[in-house]
Amino acid sequence: MFVFLGLLMELTGIARVMVNFLAALVGHVRGGLSYVLLGAMYLVSGISGSKAADMAAVAPILFPEMQRRGMHPGELSSLLATSSAMSETIPPSLVLIAIGSVVPGLSIAALFTGGLLPAFVAALALVAVAWWRSRDEDKGAGERAPTALVLRTFVIAVPGLTLPFVIRFFVIKGIATATEVSTVGVVYTAALGLFVYREFDWRRLYPILVETVSLTGAVMLIIGTATAMAWALTQSGFSLWLVSVMAGVPGGSWGFLAVTIVAFIILGSVLEGLPAIVLFGPLLFPVARAMGVHEVHYAMIVILAMGIGLFAPPFGIGFFSACAIGRTNPDDSLWRIWPYIGALVISLLIIAAIPWLSIGFL
């Protein structure tokens, strides 16, 4: 249902009105559309559960104008890929739901609450790099949008902007579980498309349903086969060996977190996201617990590290997905993406060092 929600959001024009508001607000400044892309990915990820759906909703709206302003195609895909990695912890991410499902005793609602601030820290790091990279070229539109236009686009975007808060309200108040609330989001989004934005093409509904079933089936196949592999690893003794090695790393909890970051960046690049979580999450969370690391804090570290690996070249499949959606050559992005990856790594170290960023609002 979260996959369907993400695709429905693009159909009903919610992503477009959010982007229009952000573009009117900061689009005139140098590198302003880079900030718009980051802000749009942050907001859209609070509605969709699929990174592919997020990128597909935002990129076609922004990329033509960004290229017209002189941005290098490789820069666009680099920013799109790393903003997707940044938003992995924003609810209702499929990874949050998966990790809450496979780790006993870990609350999905707590993950939803703890994921917003770490993503914000990562977003600020990407904004800093985008600002630095935009100094050499003036990519601003030149003229500030009139206040009336900013207010008008904001009023139009308000119904869409409230959707993440509606989802959060239903979960926090116990009206629906973190997985059931997807149905609430679908109904709310459909109502916006039909009665508010008047943008609901019934002819596209069937292809969206087919894509939803296809992507959901792929996710379930990944989880099913990864669960079987996790059982095999446990029976072979590999899991016990891995746990003992990571638990025996010098430096206590800090050493354990450092090894976790390195391990999940590698695992994220070769195993993708969900298999890495399903395979090793249930094995390592008890170790984190025993070392005094809060489970939600550890989950944010694992998910962000996995996201960096997933969207980092040359192995991360998310990187190539971003290039495909942005219709850019991966070779153009291969060297331009590393400053953004470096910013994500620095933000991950900050999040690991300051547990409050993950658990302060629980």
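Which residue forms a salt bridge with Arg-289, and how far apart are the closest N and O atoms? In this predicted model, the partner is Glu-295, and the closest N and O atoms of the pair are 2.3 Å apart. The two ends of this bridge can be placed by their accessibility: Arg-289 has a relative accessible area of 39% and is therefore partly exposed, whereas Glu-295, at 15%, counts as buried because the cut-off for that class is under 20%.

**Overall architecture**

The protein chain has 20 helices and zero strands. For its 362 residues, a compact globule would be expected to have a radius of gyration near 21 Å, and the 20 Å found for the chain agrees with that. Along its principal axes, the C-alpha trace spans about 60 × 45 × 35 Å. Buried residues account for 54% of the 362 residues, and, of the contacts between residues at least 6 apart in sequence, 79% join residues that are at least 24 apart. The accessible surface amounts to about 15,400 Å², with carbon and sulfur atoms contributing 70% of it.

**Charges and salt bridges**

The chain carries 18 positive and 17 negative side chains, and the centres of these two sets lie 7 Å apart. Side chains of opposite charge can pair when their charged atoms come close. A search of the whole structure finds three salt bridges, which are listed here with their N to O distances.

| Acidic residue | Basic residue | N to O distance |
|---|---|---|
| Glu-75 | Arg-133 | 3.0 Å |
| Glu-75 | Arg-336 | 3.0 Å |
| Glu-295 | Arg-289 | 2.3 Å |

Glu-75, Arg-133 and Arg-336 are linked in a network of salt bridges. Regarding the bridge between Glu-75 and Arg-133, Glu-75 lies in helix H5 (residues 73–86) and Arg-133 in helix H8 (residues 116–133), so this pair ties together parts of the chain that are 58 residues apart in sequence. Glu-75 also meets Arg-336 in a salt bridge; Arg-336 sits in the loop between helix H18 (330–333) and helix H19 (338–353), so the pair ties together parts that are 261 residues apart in sequence.

How buried or exposed are the members of this network? Glu-75 has a relative accessibility of 5% and so counts as buried. Arg-133, at 22%, counts as partly exposed, and Arg-336, at 27%, likewise counts as partly exposed.

**Two residues within helices**

Val-58 belongs to helix H4 (residues 51–68) and is buried, with a relative accessible area of 0%. Leaving aside neighbours within four places in sequence, Val-58 is in contact with Leu-37, Ala-40, Met-41 and Val-44. Val-58 and Leu-161 are separated by 103 residues in sequence, and their C-alpha atoms are 15 Å apart in space.

Ser-269 is found in helix H14 (residues 252–271), and its relative accessibility of 17% means that Ser-269 counts as buried. When residues up to four places away in sequence are not counted, Ser-269 touches Gly-309, Leu-310, Phe-315 and Gly-316.

Notes: Residues are numbered from 1 along each chain as its sequence is written. This is a predicted model: local features need pLDDT of at least 70, side-chain atom pairs count only at pLDDT 80 or more; totals for chains, interfaces and linings use all residues. Side-chain values use heavy atoms; hydrogens and water are left out. Helices (H or I, at least four residues) and strands (E, at least two) are DSSP runs, numbered from the N terminus. The radius of gyration is taken over C-alpha atoms; the globule rule is 2.2 Å times the number of residues to the power 0.38. Buried means under 20% relative accessible area, exposed over 50%, partly exposed in between (1.4 Å probe, protein chains only). Contact means heavy atoms within 4.5 Å. Accessible areas come from the Shrake-Rupley method with a 1.4 Å probe; for residues, only the protein chains shown count as cover. Lys and Arg count as positive and Asp and Glu as negative; His and the chain ends are not counted. The place of a charge is taken as NZ of Lys, CZ of Arg, CG of Asp or CD of Glu. A salt bridge is a side-chain nitrogen of Lys or Arg within 4 Å of a carboxyl oxygen of Asp or Glu.
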